[in-house]
Every structure is written in C-alpha cells, then in structure tokens.
Amino acid sequence: MPNRKIDVAIIGAGTAGITAFHAIKAAGKQVALIDRGPLGTTCARVGCMPSKAALHAGMRWKTVKQLPDGAVLFPRGRQALWKHARETRDMLANGAAERTRNAAKDSLILAEASFIEPGVLQIGSECLEADAFIVATGSSPVVPKALESVATRILTTDTLFDQESLPKRLGILGMGAVGLELGLALARLDVEVIGADQRHTIGGIQDPMVQERAISAFISELPMWLGDSVEIHLAGEGVLMRTSEHSAVVDRLLVVTGRAPSTAALNLSVAGISLDDQGRPSIDPVTMQASDVPIFFAGDVQPDRALMHEAADEGLMAAQAALSYLRDEQRPSTSRRVPMSILFTDPDVCTVGVSYDAAMQQGAIIGLAEGSGNGRSKILGAQDNLLRVYAEPDTGILLGASMLLTRGEHIAHLLAWAIQAKQTVNELLTMPYYHPSIEEMLQSALKSASQQIGT
C-alpha cells in the first residue's frame, strides 16, 4: 500500500519540472518534486550554458592571438580559460541546484522513481500515490553500439566539462548544433579538432544559401568531413577516424549524435502507457500525454523543441493540463511561442519562425541582405554575414528567417517578436535603424522582400 497520497507527482527537477512545480504549488495542490540527482538543470550542467562558456573562452583566446605584433601571449592561457569555463559551469549548475532546493523545500525527494502500478510510484523505500504525474526527466547522450570498442576514449556532453585539461587532438562525431558549437569553441582554444557527419549539412541549417555560407565560414577553423560514413578504431592510445577520403588519429572522440529521453527507469508500461519497440512512449505534442492516462510529459523527455525556454513553456503547459485533469475541466488551448534557434558560433547561426522548407511550401518570398553591403559588417571584417527573411507573397506578413550573422542573436529576437506579433515587412520598415549597425542588414533584407510583395 502507498505510504502517502498527493495530487501531483513531478518526476525531474530540471527547467520543465521546476516550472511545473511552481504552477502546481501556486494552485494550492499537494505536490512532490522527485529527482534522482544531481540537481541543476541540463542547460546549466551539461547543455546550453557550459557550451556558451566554452565558446566565450575560445573567442577570448582567438582575440589574444590576433593582437598586433609585440603584444604579450601566455602559452598556458588557453588552459586557464578552459579552467574558467569549467568554473563558470560549476557556478551556474550549483546556483540552479540551490534555487531548486530553496523552492521545493520539504517537497523535494532525491531518489530514483519507478511506477509499480498505475498511479503509484516506488521512490526508494517509499510508495507514493498521485492523481496525476508530470514526467520531466530530460534526456541523455546516445552513444551508438558500434563505438563500444573505443568506449574508454569517448566523451559526451555529459563528461566533456569534467576534463581538467584539453586534449591535443579531438574528433567530433555529429555536426549538428551542439557539435558545431563545441567544435568551434575547442578549435579556438587550439585543440586540433576534426568534425565528421554522414550528412552534408551542419548546425541543423535548412536554408541552402545559409548552409553553404556557414560551411565556408567555419571550415578553415574547424575541418569537417561531411557526407560520408566514418570508421572508428582504436589506434594505440588514440582513436583512428577514417572515411573514404580522409583519415586521422585523435586523442579523444566527442560523440554528439543525439540524445534519447531518460525514461527507462520509470517503468512506464506498468503505468499503462504503450511503448514502441525501442521502449519509448508516443507523446502527443498538443495534449502532452502518452496513451489515455494522467501522465503528462515536458522538456527534453519530449524532444519536439529541446531548448531551455521551450522546456519552461512545456512545464507550464503540463502543469495546466494536470490541473485541468484534477478539476475535471476542459483543457485550455495553448499556442506555442514562435520557435527560435540560436547557435553562438560567431558569426551566429539563427533560425526563427517557420523553417526554410515550410516557407517554400507556402510559396514565401525571400528578402536578402549581405554583409558585403553593410557598413558595420565591413568594419567588423564580417562581409560573409548573410540574412534571409521569409514573408507571405501577398500580404508581406513575416513568416521566418535564417541567418549567418555577427551578433545575430539580437536580430533573431527582434524577428521572433515581429513574427509573433504578425507584423508585415512594410510595418517593420517604418521602424528606426541606426547607422552604422548590424540592424541595417534587417532593413536591407526587408527592402528586398518589399520589392517582391504582390509581384
């Protein structure tokens, strides 16, 4: 028999889980927040924040190396910067963990949770019954079984920042968003990095013009073997990477080929949820449920939009769904915010709103601006800057954008706000633009689009 009964049990104390906890608690319901540890969000411990700390360290070292002749260089400087990046990660993760403890207090249970029957969890020696559950257990790096022979030489995003010193040579499998960011960060810290991916694309970029420009911009810093399978073998104390055209021996192999939902320990089938042949639930992205049971999923465990701000939104949505279930009310319809993805690669790779493929299916027009025509880009030596905006051909309503752009994070936000407000190209052209600024590239792209509206 259960030791106690509550209204809602939240499994996972990351961004989604803690957001859901606050909402459930504010509604006056009995709630428990369960986490097997360590506390601290994925973003703060092993995700978006550590990678940005590494990118910042890399850019600082790159700047030092570009100082004029006669400037002082410190041979150990890059290792000091790596140490600072790791200390920054620790500070952020510890801060997130402390905020979780302070918020949850006695409602926090640090233990592994597993369903033993529908509606009942085994948590250590305790059995906990709840009327509704929110699963926000996040995700874990996937290491393909084919790499078992080199397991001792493999790093993942969960272990990279545990390394006290940088390897001399590093191979990276996977040139998606994470692989590209970390590859550039470490290359800028003078690690000899080789990136490889079976796909011909990098960073998850769909827009073909932005894709081509990004590869051209980064390949001199980060050699990339694209569009070919990679053989991996042990080679003495190192790892041999080989394709049909290339081969190299590296000291360690960073595997960033994807992440999988961390649900195996939950025993979801016992809770009444149907699983596929790989043991994963099929989660409805609208209702956030899997099967017809009061279990709601949020955050990376439901990898529709695996980003921190999306996890917070999903945590709130899951809490609202659970509360509606408890009150036997119709679930409120929730519209998602405009999607936005930013890679802090300097120049940044950003995608906002609908993707290139979706925009083309809607017959969108494309407004174009190049860094070679922007005064601020020329001053910064960033003539490769590129911005493409997508708009409805008849109304001029903004749909999306893709860019390789110095300080593109700011333009991406401006465009996301404009798209969510359903603004048009011509409405944005009435806004002020300072000279010389990167924002003038947005003005140029909008002018390019405006000339095509209604044609």
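Start by selecting cysteine 127: its relative accessibility is 12%, so this residue counts as buried. Keep in mind as you go that you are looking at a predicted model. Now add cysteine 350 to the selection. With a relative accessibility of 0%, cysteine 350 is buried too. How many disulfides does the structure hold? The count is 0.

**The whole protein**

Zoom out and colour by secondary structure. You should find 12 helices and 22 strands in the protein. Of its 455 residues, 50% are buried. Switch on a surface if you like: about 21,300 Å² is exposed, with carbon and sulfur atoms supplying 51% of that area. A contact map is a good companion here. Among contacts with a separation of 6 or more, 65% are between residues 24 or more positions apart.

**The parallel sheet**

Next, select strands β8, β15, β9, β10 and β11. These 5 strands make an open sheet in the order β8-β15-β9-β10-β11, and their pairing is parallel. Which strands stand at the edges? They are β8 (154-155) and β11 (224-226); each has a single partner strand, so one side of each has no neighbour in the sheet.

Move to residues 192-197, which are strand β10. Strand β10 runs parallel to β11, and 3 bridges join the two. Show side chains for alanine 196 and tryptophan 225: alanine 196 stands opposite tryptophan 225, which belongs to β11.

While you are here, bring up residues 177-187, helix α5. This helix packs on the sheet, where it touches β9 (169-173), β10, β11 and β15 (252-255). Compare directions and you get about 170 degrees between helix α5 and β9.

**The antiparallel sheet**

Now select strands β12, β13 and β14. Here 3 strands form another open sheet, ordered β12-β13-β14, with antiparallel pairing. Its edges are β12 (231-235) and β14 (247-250), and since each has a single partner strand, one side of each is left without a neighbour in the sheet. From one strand to the next, the twist averages 25 degrees.

Focus on β13, residues 238-242. This strand pairs with β14 in the antiparallel sense over 4 bridges. For a pair of residues to display, pick leucine 240 and valine 249: leucine 240 stands opposite valine 249 in β14.

**Two aromatic stops**

Finish with the rings. Searching the whole structure turns up 2 aromatic pairs.

For one of them, select phenylalanine 115 and phenylalanine 133. Their ring centres are 4.9 Å apart and their planes meet at 70 degrees, so this pair is edge-to-face. Phenylalanine 115 sits in strand β4 (residues 113-117) and phenylalanine 133 in strand β6 (residues 126-135), so the pair ties together parts that lie 18 residues apart in sequence. Are these two residues buried or exposed? Phenylalanine 115 and phenylalanine 133 are both buried.

Then go to tyrosine 356 and tyrosine 390. This aromatic pair is also edge-to-face, with 6.1 Å centre to centre and 65 degrees between the planes. Tyrosine 356 belongs to helix α8 (residues 356-361) and tyrosine 390 to strand β21 (residues 386-391). The pair links distant parts of the chain, 34 residues apart. Check the surroundings of both rings before you leave: tyrosine 356 is buried, as is tyrosine 390.

Definitions and conventions
Residues numbered from 1 in each chain as written. Predicted model: local features only at pLDDT ≥ 70, side-chain atom pairs only at ≥ 80, totals over all residues. Heavy atoms only, no water. Buried < 20%, exposed > 50% of the residue type's maximum accessible area, 1.4 Å probe, protein only. Contact = heavy atoms within 4.5 Å. Areas by Shrake-Rupley, 256 points an atom, 1.4 Å probe, with all protein chains shown as cover. Pairing = 2+ DSSP bridges. Axes fitted to C-alpha atoms, helices over the stretch in contact; angles between N-to-C directions. Disulfide = S-S within 2.5 Å. Phe/Tyr/Trp six-rings, centres within 6.5 Å; stacked < 30°, edge-to-face > 60°.
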